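User: Pick one part of this model and take me through it closely. Work outward from there, and keep it brisk.

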Amino acid sequence: MDQKTYHGKITPQDIARALFAHFNRGNLKVQQLGDGNSVIVQIATTKHPASGGQTAIGVSLQSVADGVMVQVGKQAWGGVAASLGFSALTAFRNPLSLLSRIDDIAQDLENLQLKDEIWDLIEITAKNLGAGFDLSERLRKYVCEYCDTPNPPGEAHCIACGAPLGGIQPITCQACGYIVLRSESSCPNCKKPLRF
Ligand SMILES: [Zn+2]
Ligand SMILES: [Zn+2]
C-alpha cells in the first residue's frame, strides 16, 4: 500500500483541489466523495468505454494531528469509505458499481502510470504549502513528563525543571512522513531504513 503523511498547514481539501485542477481534463474525470476531514478523490478514465465504462484510481485524504495522511490506489477505498459512512456513499450516483471495480483499479495502476503523476502533484502541493515529512512545529512541541511544561522542539532538557527530554520527542520517517519510534531501525509503513 502506498501511504504518505504530510505534516504542516495542509488540509485534505488543499490536495483535492490540486488533483481536480490538474487531472480533470482530456479523457480523465475527477470526482470527490466527502469533505472535511475525510475525502476520497476518484480519478477516472473513459479509456475502455466499450468494456462497460469507467475505471478509476482512488486517492484517500485523511486529516491527522498536524497534517494529512494520503493513500493512493486500491487500498484507498476501504478505510475512508467506511469513515465517510453510508450516507456519503449513497449520495454518489452509483456507489456499488464504483466499489465493485476495485480489481480494475489495481490493473489500471500499472497500465495508466497515473500513480507517479498523482504523487508528484501531491508532493508539489504539499511543498508549496510548506508541508513535508518533518513534523510541524505544533506537534513537535512536547510536554515534560515530570512537570508538564510544554517545551520547544530540539530542547535537550526541560526549560522549567531541567529534566532530560530527548527520548520523548516524536520523529518521522524522512521517506514517507510516518511517525516512528527512536528504537525502530526501519519504518513500519514504507520499510525504508531510518536515519536520525
Ligand atoms: Zn520539566
Ligand atoms: Zn517511511
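Analyst: Strands here are DSSP runs of at least two residues, and helices are runs of at least four, both numbered from the N terminus. On that numbering, lysine 191 sits in the segment after E9. The model is a predicted one. The part I pick is the zinc site, and lysine 191 is a way in.

Lysine 191 has a positive phi, near 70°, although this residue is not a glycine. Its relative accessible area is 61%, so lysine 191 counts as exposed.

Now the metal. Which residues hold the zinc ion (ligand 2)? Cys173, Cys176, Cys187 and Cys190 coordinate the ion, each through SG, at 2.3 to 2.4 Å. The angles between the four donor atoms run from 103 to 113°, and therefore the arrangement is tetrahedral. Along the sequence, the donor residues follow the spacing C-x2-C-x10-C-x2-C. Cysteine 173 is in the loop between E8 and strand E9 (179-180), while cysteine 187 is in the segment after E9; because of this, the pair ties together parts that lie 14 residues apart in sequence. Cysteine 173 and cysteine 187 are both buried.

Step back to strand E8, residues 171-172, where isoleucine 171 is found. Buried or exposed? With a relative accessibility of 14%, isoleucine 171 counts as buried. Its C-alpha is 7.4 Å from that of arginine 182, and the two residues are 11 apart in sequence.

Next comes a residue that contacts one of the zinc donors. Glutamine 3 belongs to strand E1, residues 2-7. Its relative accessibility is 11%, so glutamine 3 counts as buried. Leaving aside residues up to four places away in sequence, glutamine 3 touches Met69, Val70, Gln71, Trp119, Cys176, Tyr178 and Asn189. Cys176 is one of the zinc donors. Trp119 is one of the buried residues of H5.

That leads to the helix. H5 covers residues 114-128, 15 in number, and reaches 21 Å from first C-alpha to last, close to the 21 Å expected at 1.5 Å a residue. Its buried residues are Leu114, Ile118, Trp119, Leu121, Ile122, Thr125 and Ala126. Viewed down the axis of H5, they fall within an arc of 160°, so they line one face of the helix. An α-helix makes a turn every 3.6 residues, so residues three or four places apart point the same way. Asp116, Lys127 and Asn128 are exposed on the other side of H5. After H5 comes glycine 130, with a positive phi near 80°.

What does the buried face pack against? Take isoleucine 122: beyond four places in sequence, Ile122 touches Tyr6, Ile15, Leu19, Val59, Val70 and Val72. Val70 is also among the contacts of glutamine 3.

The largest nonpolar core has 26 residues, and within it Leu19, Ile43, Val59, Val70, Ile118 and Ile122 touch the most other members. At least two residues of this core come from each of helix H1 (12-23), strand E2 (28-33), strand E3 (38-45), strand E4 (55-64), strand E5 (67-72) and H5. H5 gives the most, six residues. Apart from this core lies another, of six residues, including Ile171, Cys176, Val180 and Cys187.

That returns us to the metal: Cys176 and Cys187 are members of this other core, and both are donors to the zinc ion (ligand 2).

Terms used
Residues numbered from 1 in each chain as written. Chains lettered and ligands numbered in written order. Predicted model: local features only at pLDDT ≥ 70, side-chain atom pairs only at ≥ 80, totals over all residues. Heavy atoms only, no water. Buried < 20%, exposed > 50% of the residue type's maximum accessible area, 1.4 Å probe, protein only. Contact = heavy atoms within 4.5 Å. Donors = N, O, S within 2.8 Å, 3.2 Å for Na, K, Ca; no water. Tetrahedral: all angles 85-135°; square planar, octahedral: opposite > 155°, others 65-115°. Expected span 1.5 Å × (residues − 1). Arc of directions from axis to C-beta. Core = buried A, V, L, I, M, F, W, Y, C linked by side-chain atoms within 4.5 Å.
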